[in-house]
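Hi there,

Here is the structure I promised to pass on. Please have a look at it, and then read on for what turned up.

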Number of protein chains: 2
Amino acid sequence: MSFKLTVLGCSSATPTLSRHSSAQVLKVHERLFLIDCGEGAQIQMRKFGIKFQRIDHIFISHLHGDHFLGLMGLLLTLHLLGRKNEIHLYANPDLEKIIDLQLEVSNTNFNFPLIFHALDSNITETIFEDENIIIKTIPLDHRIPTSGFIFTEKPRPQKIRKEIISKYDIPFEEITKIKMGADFSDKTGKLFKNSELTFDNPPTVSYAYCSDTGYTESYLHLIKNCNLLYNEATFMHNLVKNARDKYHCTSVDAANIALKAGAKQLLLGHYSARYDDLQPLLKEAKQIFENTLLA
Amino acid sequence: MSFKLTVLGCSSATPTLSRHSSAQVLKVHERLFLIDCGEGAQIQMRKFGIKFQRIDHIFISHLHGDHFLGLMGLLLTLHLLGRKNEIHLYANPDLEKIIDLQLEVSNTNFNFPLIFHALDSNITETIFEDENIIIKTIPLDHRIPTSGFIFTEKPRPQKIRKEIISKYDIPFEEITKIKMGADFSDKTGKLFKNSELTFDNPPTVSYAYCSDTGYTESYLHLIKNCNLLYNEATFMHNLVKNARDKYHCTSVDAANIALKAGAKQLLLGHYSARYDDLQPLLKEAKQIFENTLLA
């Protein structure tokens, strides 16, 4: 299975000419998950050629405008395009009030069911699960209730070695059992260990989205060993006081989180509009955690 | 005095890659007036090089998302940029509830006073007046309460002929009177008519914004002889039934309004996303009202 991440926006607070507000689309096994939905997200999706009619699940980390002000426009566009399929929205319960009020004053009812899942930002909980993936919340430390999200691929059945099936004349009904880890005895009673019959799938993949948050080690255990960590890095570390005051991270903070969590790769984002050139943030993070990229 | 209009967006309902949602900036004698504020308006203003810190007055025609979903983002950006000067917002009273709820859930208080002026869409009223301009509302016919706006330059004092001042030895205190329309008697008692002493200013200018609205002649008298009329033209006239059902105009409707109102020029806008090529709308309108432009 592949995870494909498209970052539609990675600016903090105010969009700039080169960076839109926070929004990402994660594609997992043909499903599209939208993570945050800052102003202009629907236009960014058009630019990136993302078929937003295929989004069924939307996750909003918190109710600062730069993380959700594009949502109402996107939902209205889906409505006007005639969408009928349900949309699941995972967010702080106050977002439902905001949406309901706007629908009321504009005398609008969505053509599709909007199923609201209220998040409790104080706990971690499983909010979505299918045959491929499990999604959990991450309590973050921000000025208002905020949840991060971790998307983890489920372990898949072992793959059976095709040449083995005919070689040992394995009946069809045994194949499924072997894939689930069973050993196999042939007609003569000879036992074959599962490890002889199968090979391992590639390890499962995980993606963690942590924005917005101040520096805290309280979520390290929830993102342990993740493949890719998107951690906000609003400021350079010389502005660490601003970061602490405003419950944001510096690029050094993000690198320390990645290091301590054992993440394989770090993606920085949510940059302050004051930075035209992001290379200094990258350089600062790389001194602590080499495998870092800029969103 | 010059009127300079910048159309930031002219798409109806859903933004497209080439057209944003409704928003315009009218510059009158160094004042910037923002008319509607669809999603992405703040980014469009950056693209057009408009200094949005200089906007003190914002007019929202109605509470369909494509006309106001960029407002909260703009106000938050102004807040984060440290704005202190008051902003006057003219809109349906429900907009104040929407803003207040969003401020409450995000635990935010604007740094600047936001002065809300509730509009009554059933009547025409003067909502702004200074030494240069007067702004009135236009009741429109839409699915929810909607007001258009007409911006009219005030008549200015006559200009005195400079060569006359020395020729007839006109005292300073008389000059102001002459500019206001008075005649003048010189030391010998000889009377000079005002028309001999002054020349007329260019005629006053007016701009009318009518969007969204179904076809109605009820607002013709309010936009009579305006210099420029922006009238919505969501559809071609072959979709006139759609237009009537949805309280929108066709390009033919807009041209008829311009013709009957005696407008000098017509600007079409608020196009349905179905039209990639807008030339057919223009052609259709021009058959009725020649001096038509596309926004």
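Between the two chains, 35 residues of chain A are in contact with 35 residues of chain B. Please keep in mind that this is a predicted model. Putting chain A and chain B together buries an area of about 3000 Å², and carbon and sulfur atoms give 65% of that area.

How many salt bridges are there between chain A and chain B? The count is zero. Polar contacts do turn up, though: nine residue pairs between chain A and chain B make one, with both residues at pLDDT 80 or more.

On the side of chain A that touches chain B, the elements giving two or more residues are helix 1 (41-47), helix 2 (71-80) and helix 3 (94-105) of chain A. Helix 3 of chain A provides the largest share of that side, with six residues. By type, the residues on this side of chain A divide into 15 nonpolar, 14 polar and six charged.

I also looked inside chain B, at helix 1 (residues 41-48). Which of its residues are buried? They are Ala41(B), Gln42(B), Ile43(B), Gln44(B) and Met45(B). The buried residues of helix 1 of chain B pack against four strands of that chain, namely strand 1 (3-9), strand 2 (23-28), strand 3 (31-37) and strand 4 (55-59), and also against helix 2 (71-80) of chain B. Right after helix 1 of chain B comes Gly49(B), and its phi is positive, near 70°.

Happy to talk it through whenever suits you.

Best wishes

Key. Residues numbered from 1 in each chain as written. Chains lettered and ligands numbered in written order. Predicted model: local features only at pLDDT ≥ 70, side-chain atom pairs only at ≥ 80, totals over all residues. Heavy atoms only, no water. Buried < 20%, exposed > 50% of the residue type's maximum accessible area, 1.4 Å probe, protein only. Contact = heavy atoms within 4.5 Å. Buried area = accessible area lost by both parts, 1.4 Å probe. Salt bridge = Lys/Arg side-chain N within 4 Å of Asp/Glu carboxyl O. Polar contact = N/O pair within 3.5 Å; in protein donor to acceptor, adjacent residues only side chain to side chain. Nonpolar A, V, L, I, M, F, W, Y, C, P; charged D, E, K, R; others polar.
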